[in-house]
Amino acid sequence: ALDRALKQQFPEVENRVSLLTGESVTPLVNGLVNNSVIHLRAQPSSKTEMVTQALLGSPVRILKVEGSKALIQIPSGYLGWVNVPEIETLDASELARYRESDKVIFSGKYGTVYSEPDESSLPVSDVVTGCILEKVPDGDSNGFQQVRYPDGRTGWVRSEQTVPLEEIFYQETTREGLAATALQFHGIPYLWGGTSSKMIDCSGLITNVYFMNGIHLPRDADQQSLLGSEVSTRFSPEGLEIGDLLFFGYKATDTEPENVTHVAMYMGEGAFIHSAGYRERVSINSMDSTKENYIESYPDIFVRAVRIIGEAYEGFQPISENKFFKEIINKVE
């Protein structure tokens, strides 16, 4: 389509665009994230903007490698450059073996994988909410579960901090579950582009909360604002339910398009939770002007509230239906 358009409208322009995707070029999933959290950069340099992050065990598409940097695509569709050692490549047979293995998701806020089933042993690495690790068969000892990293390293993590992958991917999403997960992130520092329980931005918080409750959402607030059904365009708790998303920015005018810049999640009784740059952390605020944690400027920049739970899957999906994650699931329901 691009080639035809250029030939028709700009015949003097030489088209040098090359496709990075396509079955003849690279498979959908040919790598796994190998660190607890990795930064995706806008350019193949650690000095450029961090556009987002990806977590340990996430399936990725390695599109090309230039020196020590690799351009990858992650399940949200985002593209970015990472350090080559941060990802482990997979061929078809390795992916098939990984798919058949049992996997767990780290469900704690922040933790450690140890070299032995003993917290006094040498740490292998840290782990954060949502990290995926392969479960080592018969690897249970002293309240620990033995796990394997994409590169073959093994270690031990507290069993009560892990959940079988299928329990996350196939669970029924509830409002109570969303609220409980959101509270785990309270107080985590704000970071533009952050999507982990180390540091996180507003839409990163929402994607994490919904992910741990079985739903895969688009990465950005403006994308999230177009999902589900609209509940209200007025800053008021009336009609809202726990788990509804509140969006802020600038409404469309006769001369300017809508611009959504911030998202929060409603927690009930007029309260909402969000990761706000001006507060530099995940915090709980109120829609009630009589409350101390009311933000005076928010009613003026409120755009809309939307509801995800109970709505048709359009623009979002169960994790088990995401095309990247489907490649690592060994269970089909």
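These legends walk through close-up views of aromatic rings in a predicted model.

**View 1. Phe-272 stacks with Tyr-298.** Searching the whole structure turns up 12 aromatic pairs, and here's one of them: Phe-272 and Tyr-298, with ring centres 6.1 Å apart and planes at 20 degrees. Phe-272 belongs to strand S19 (residues 271–276) and Tyr-298 to helix H7 (residues 298–301), so this pair ties together parts that sit 26 residues apart in sequence. Look for both Phe-272 and Tyr-298 among the buried residues.

**View 2. Five rings make up one aromatic cluster.** Pull back from the stacked pair and you'll find Phe-272 and Tyr-298 in one cluster with Phe-235, Phe-248 and Phe-302.

**View 3. Tyr-313 and Phe-316 meet edge-to-face.** The centres of these two rings are 5.4 Å apart, and there are 70 degrees between the planes. Is each partner buried or exposed? Tyr-313 has 52% relative accessibility, so it counts as exposed, the cut-off being over 50%. Phe-316, on the other hand, has a relative accessible area of just 5%, so it falls under the 20% limit and is buried.

**View 4. Lys-103 parks its charged end over Tyr-98.** What you want to look at here is the end of the Lys-103 side chain, which lies 4.7 Å from the centre of the Tyr-98 ring.

**View 5. Arg-153 covers the face of Tyr-149.** This time an arginine does the job: Arg-153 lies over the Tyr-149 ring, at 4.2 Å from the ring centre.

Methods. Residues are numbered from 1 along each chain as its sequence is written. This is a predicted model: local features need pLDDT of at least 70, side-chain atom pairs count only at pLDDT 80 or more; totals for chains, interfaces and linings use all residues. Side-chain values use heavy atoms; hydrogens and water are left out. Rings of Phe, Tyr and Trp (its six-membered ring) pair if their centres lie within 6.5 Å; planes under 30 degrees apart count as stacked, over 60 as edge-to-face and the rest as tilted. Helices (H or I, at least four residues) and strands (E, at least two) are DSSP runs, numbered from the N terminus. Buried means under 20% relative accessible area, exposed over 50%, partly exposed in between (1.4 Å probe, protein chains only). A charge sits over a ring if NZ of Lys or CZ of Arg is within 6 Å of the ring centre and within 35 degrees of the ring normal.
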